[in-house]
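Colleague: I have a new model on screen and would like to read it step by step. Shall we take it one question at a time?

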Amino acid sequence: MGGLLHTVLVDPFVQMWTLPDFFVQVLWEGLVSGILYALIALGFVLIFKASAVFNFAQGIMVVFAALSLVGLHRLGVPAFVALGLCVLIMLALAVAVERLVLRPLVNQPDIILFMATIGLTYFLIGLGELVFGGEPKVMITSELLLPTGSYVWETLGGRVILQQIDIAAAVIAAAMVAVLAVVFQRTKIGRALRAVADDHQAALSVGIALETIWVVVWFAAGVVALATGIMWGARSDVSFALQIVALKALPVLVLGGLTSVPGAIMGGLIIGIGEKLGEIYWGGLLGGGIESWLAYLIALAFLLVRPQGLFGERIIERV
Amino acid sequence: MRQRAIGEVILAVEDVSLRFGGVRAIADVSFDIRAHEIRAIIGPNGAGKSSMLNVINGFYRPQEGRIVWKGQAHRAMRPYLAASTGIARTFQNIALFKGMTVLDNLMSGRTLKMRRGFFWQALRYGPALEEEIAHRRRVEEIIDFLEIEHIRKVPVGRLPYGLQKRVELGRALAMEPELLLLDEPMAGMNLEEKEDMSRYILEVNEQLGTTIALIEHDMSVVMDLSDRIVVLDHGQLLADGPPEVVSRDPAVIEAYLGVAH
Ligand SMILES: Nc1ncnc2c1ncn2[C@@H]1O[C@H](COP(=O)(O)OP(=O)(O)O)[C@@H](O)[C@H]1O
Ligand SMILES: [Mg+2]
């Protein structure tokens, strides 16, 4: 018993202390995963705030966007043209979802809209496979002028290896979040979005065009999905297996709340880092496969301490 | 007694019928609203009063009839069209942006009046900033008028019911409407709050010339405020005329006033 306590409560920290460079390496890798989780969760939150729709398809949108990008490039479209086309595809998707799903189902119970997004998920899987084929593909990282090398950071008496693509991911994610924050905090569209999130009817009565807001948020979520797909695809490869990553957004949302943008970001980082630390320092103890459920454990443990989640009063009240 | 020139017909409801499944919420109703008047809509619960306001601002699409608004005939209004052509409203069950402050709620009423592109707003630059300040000034005037300075920065969800009703009126006023639709603005209020609300409604009508359609159950309020009254019952038009005539109408007394006494 004493031995077990020692391996759980003492050993990991001794390791962190004695190999600090490795510890920093683990933190960094957790941080990068966390950024990508945060981006996926951010897509969920944007859509949920504006339309109270829990978008099951957010994960598949990541795959679909990445697949379209690689697929177009394979058809001979230059990389940046393909990127531009993918942005347009996400816009078309947003418009189509608004016209064909949200508008006809407006005023239906939330569960119906949730089901509709499950339908959308399978539609996107089918469409992606049909047009571009389902086999795993390699992200066009260097064609998009994203760096592929790595830096070696000599520190703490050792070395930390930083993949340049990971640094790029962090920078792009931060820039995207900053742009979204400015738009949603300062502009008429941002105020309208917050109004719609609060009360649809009232928003309509002051002349906010709900349809426009829906297109805006689905498009924003689509662009976020595209960016996430590129970064994630660059670290593994582009296939439908990627959607499993999207499931990681769920514990992030439990932690951060469905309606909080800062919650999604902080939640993503906490889950990403926590998961990596758990896997490396406690993983051997708990056996393999820990990665698939550790995120939920972290979220639940956190909620025991802070039931209202990271930032807010309302957690999942609307689901 | 009051001095306002009642104008031409500004809105006409023509032969409107609205059904929900088997329920006839509105059955072949016609009436009109004249510029600058206070037009009360009364009737027992379920008479179709709220449905009528919902038809006028486009939340509901009637199966039959049409709405003539400022000379334009519409098969059905649309909320956006209504808001952008000068119709503002409040709701029977308050519909405010609960998470936002009183100030932001009122500012949301300025949505359609903001012209500057969102790029400039994001940068808080030049003309966009000036515009925001001008809107803020207008909203502050309304806040003064409604005597809610002390709660400007409070999230609306934390306010007591009576004050929420007042904020909702403020948001509608921020739209600077020509026609203001008020659905039971005094429901659930105590006497003092009712007197305040009556005063605001009268002042808006007299000083700004705003036309008002008012649903209200308190008969003394209706008799005091309104120029003309429409009486609905089971979706049908029961009577239409000035207060002193409607209040003596035997059908009205039986269907409505009789029940209330
Ligand atoms: N959205 C709706 N769906 C179904 N029935 C409705 C709806 N809105 C109103 N009704 C019905 O229409 C009738 C009139 O309701 P309403 O206009 O709210 O009456 P009032 O405001 O005069 O009390 C009622 O029978 C009500 O149940
Ligand atoms: Mg009503």
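**Reading the model**

Modeller: The C-alpha centres of domain 1 of chain B and domain 2 of chain B lie 26 Å apart. Keep in mind that this is a predicted model.

Colleague: Which residues make up domain 1 and domain 2 of chain B?

Modeller: Chain B is divided into two stretches of this kind, and one of them is written in two pieces. Domain 2 covers 95-176. Domain 1 is 1-86 + 177-261.

Colleague: How many residues does each domain of chain B give to the contact?

Modeller: Both domains take part in the contact. Domain 2 of chain B supplies 13 residues. From domain 1 of chain B come 20 residues.

Colleague: In what order do the 4 strands of the open sheet in chain B stand?

Modeller: Start at the edges. β2 (23-34) and β5 (72-74) of chain B each have a single partner strand, so one side of each lacks a neighbour in the sheet. The pairing is antiparallel, and the order is β2-β1-β4-β5.

Colleague: By how many degrees are neighbouring strands of this sheet turned against each other on average?

Modeller: Direction is ignored here. The average turn between neighbouring strands is 20 degrees.

Colleague: What is the bridge partner of V13(B) in β4(B)?

Modeller: Strand β1 (residues 9-20) and strand β4 (residues 64-69) of chain B pair in the antiparallel sense over 5 bridges. L11(B) stands opposite W69(B) in β4(B). For V13(B), the bridge partner is I67(B).

Colleague: Which residue in the turn between β4(B) and β5(B) has a positive phi?

Modeller: β4(B) and β5(B) pair in the antiparallel sense over 3 bridges. One bridge partner of β4(B) residues is A73(B) in β5(B), which goes with V68(B). The two strands form a hairpin with 2 residues between them. The turn residue with a positive phi, of about 50 degrees, is K70(B).

Colleague: At about what angle does α1(B) run to β1(B)?

Modeller: α1(B) lies across β1, β2 and β4 of chain B. Its angle to β1(B) is about 115 degrees.

Colleague: How many of the residues of α1(B) are buried?

Modeller: The buried residues include K49(B), M52(B), L53(B) and I56(B). S50(B) is not buried, because its relative accessibility of 21% makes it partly exposed. The helix is mostly covered, and the count is 7 of its 8 residues.

Colleague: Which protein donors does the magnesium ion (ligand 2) have?

Modeller: They come from distant parts of the chain, 42 residues apart: one is in helix α1 (residues 49-56) of chain B, the other in the loop between β6 (87-89) and α3 (102-108) of chain B. They lie 2.0 to 2.1 Å from the ion. The donors are S50(B) (OG) and Q92(B) (OE1).

Colleague: Is Q92(B) buried, exposed or partly exposed?

Modeller: Buried would need a value under 20%, and exposed one over 50%. Q92(B) has a relative accessible area of 30%, so Q92(B) is partly exposed.

Colleague: Which residues touch the most other members of the largest nonpolar core?

Modeller: This core has 141 residues. Its largest share, 15 residues, comes from helix α9 (residues 210-235) of chain A. W218(A) touches residues including I47(A), M61(A), V97(A) and L120(A). The residues asked for are W218(A), V167(B), L180(B) and I201(B).

Terms used. Residues numbered from 1 in each chain as written. Chains lettered and ligands numbered in written order. Predicted model: local features only at pLDDT ≥ 70, side-chain atom pairs only at ≥ 80, totals over all residues. Heavy atoms only, no water. Core = buried A, V, L, I, M, F, W, Y, C linked by side-chain atoms within 4.5 Å. Buried < 20%, exposed > 50% of the residue type's maximum accessible area, 1.4 Å probe, protein only. Contact = heavy atoms within 4.5 Å. Donors = N, O, S within 2.8 Å, 3.2 Å for Na, K, Ca; no water. Pairing = 2+ DSSP bridges. Axes fitted to C-alpha atoms, helices over the stretch in contact; angles between N-to-C directions. Domains from an automatic or database assignment. Lists of a residue's contacts leave out its neighbours within four places in sequence.
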